[in-house]
Structure formats: C-alpha cells, structure tokens
Amino acid sequence: MAEPGRLLSLVHRAEGASIVVEANYAGSLRKARWLISPSGQVQLDYEYVFDGVVDMAGIHFDYPESAMKSVRWLGRGPYRAWQN
C-alpha cells in the first residue's frame, strides 16, 4: 500500500502573468505543481515514487471529467491504461 503523503512545504509565486503553487511531500507523492494562467487554464504536474509492486498508481482529485480538455501521460508503462 502507498505511504500517505505528509506536506513538507507549500509555496506560491507569480510567474509572468500566471500563478504557480508548489507543494512538496514526504511519502509516495513527492511534488505537485499547479500553474494557473490568466485565462483560467490550469496545469498540474506531479511526481510520485513507489518501491515494489503496487496495484494502482496515480492521483485523484474531484473535477468533472467532462470539463477536462486533455490528459497527457509522461510515465513509463501502459499509456492506454491511464484512466482505470
């Protein structure tokens, strides 16, 4: 089972006209970086690490799938199974 994350730091800053929110964790989830543009577009980049075998890997957040415009898989593994 994945180790629950513990928040180590949370910072925010302006990056040009956008806002960046970065969270660093101890645990399987290591980093989350939100980039919020003036147009309302939001980009989430994250990093997690598992040692050993896990049944499922990924993150979960509450946002209607119908409102999402795209998802991009950048990991190693079966790209077609991103939404199990």
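Read along the sequence, this protein goes β-β-β-β. That adds up to four strands and zero helices, and it is worth keeping in mind that the model is a predicted one.

With 84 residues in the protein, just 10% count as buried. The protein exposes about 7,300 Å², and carbon and sulfur atoms supply 53% of that area. As for how the chain touches itself, take the contacts between residues at least 6 apart in sequence: 6% of them join residues at least 24 apart.

**The charged network**

Let's start with the charges. The count of salt bridges comes to four, and three of them are laid out here, with the N to O distance for each.

| Salt bridge | N to O distance |
|---|---|
| R13 and E15 | 3.4 Å |
| R13 and E22 | 3.1 Å |
| E15 and R33 | 3.1 Å |

Which residues do these shared partners tie together? E15 forms a salt bridge with R33, and salt bridges that share partners join R13, E15, E22 and R33 into one network. R13 has two partners in the table, as its side chain meets E15 and also E22. E15 likewise turns up twice, once with R13 and once with R33.

How far apart along the chain are E15 and R33, the pair with closest N and O atoms 3.1 Å apart? They are 18 residues apart, and the pair links distant parts of the chain: E15 belongs to strand β1 (residues 6-15), while R33 is in strand β3.

Are the members of this network buried or partly exposed? R13 has a relative accessible area of 35%, so it is partly exposed. E15 also comes in at 35%, and is therefore partly exposed too. E22 sits at 22% relative accessibility, and since buried means under 20%, E22 counts as partly exposed. R33 has a value of 22% as well, so the partly exposed label applies to R33 for that reason.

**The nonpolar patch**

Now for the greasy side of things. I19, W34, I36, V42, Y46, I59, F61, Y63, M68 and V71 form a nonpolar patch on the surface, and together they have about 850 Å² of accessible area. Which elements give two or more residues to the patch? They are β3 (29-36) and β4 (42-48).

I19 is one of the patch residues, and its place is in strand β2 (residues 18-26). With a relative accessible area of 41%, I19 is partly exposed. Y46, also in the patch, has a relative accessible area of 38%, so Y46 is partly exposed.

**An aromatic pair**

Y46 has a second role to look at. The structure holds one aromatic pair. Why does the pair of Y46 and Y48 count as stacked? The ring centres are 5.7 Å apart and the planes lie at 10°, so the pair is stacked, given that planes under 30 degrees apart count that way. Y48, the partner of Y46 in this pair, is at 22% relative accessibility and therefore counts as partly exposed.

**Pulling it together**

Y46 links two of these stories, being part of the nonpolar patch and also of the stacked pair with Y48. On the charged side, R13, E15, E22 and R33 make up one network of salt bridges.

Notes:
Residues numbered from 1 in each chain as written. Predicted model: local features only at pLDDT ≥ 70, side-chain atom pairs only at ≥ 80, totals over all residues. Heavy atoms only, no water. Buried < 20%, exposed > 50% of the residue type's maximum accessible area, 1.4 Å probe, protein only. Contact = heavy atoms within 4.5 Å. Areas by Shrake-Rupley, 256 points an atom, 1.4 Å probe, with all protein chains shown as cover. Patch = residues over 30% accessible without salt bridge, like charges linked within 9 Å, V, L, I, M, F, W, Y side chains within 5 Å. Phe/Tyr/Trp six-rings, centres within 6.5 Å; stacked < 30°, edge-to-face > 60°.
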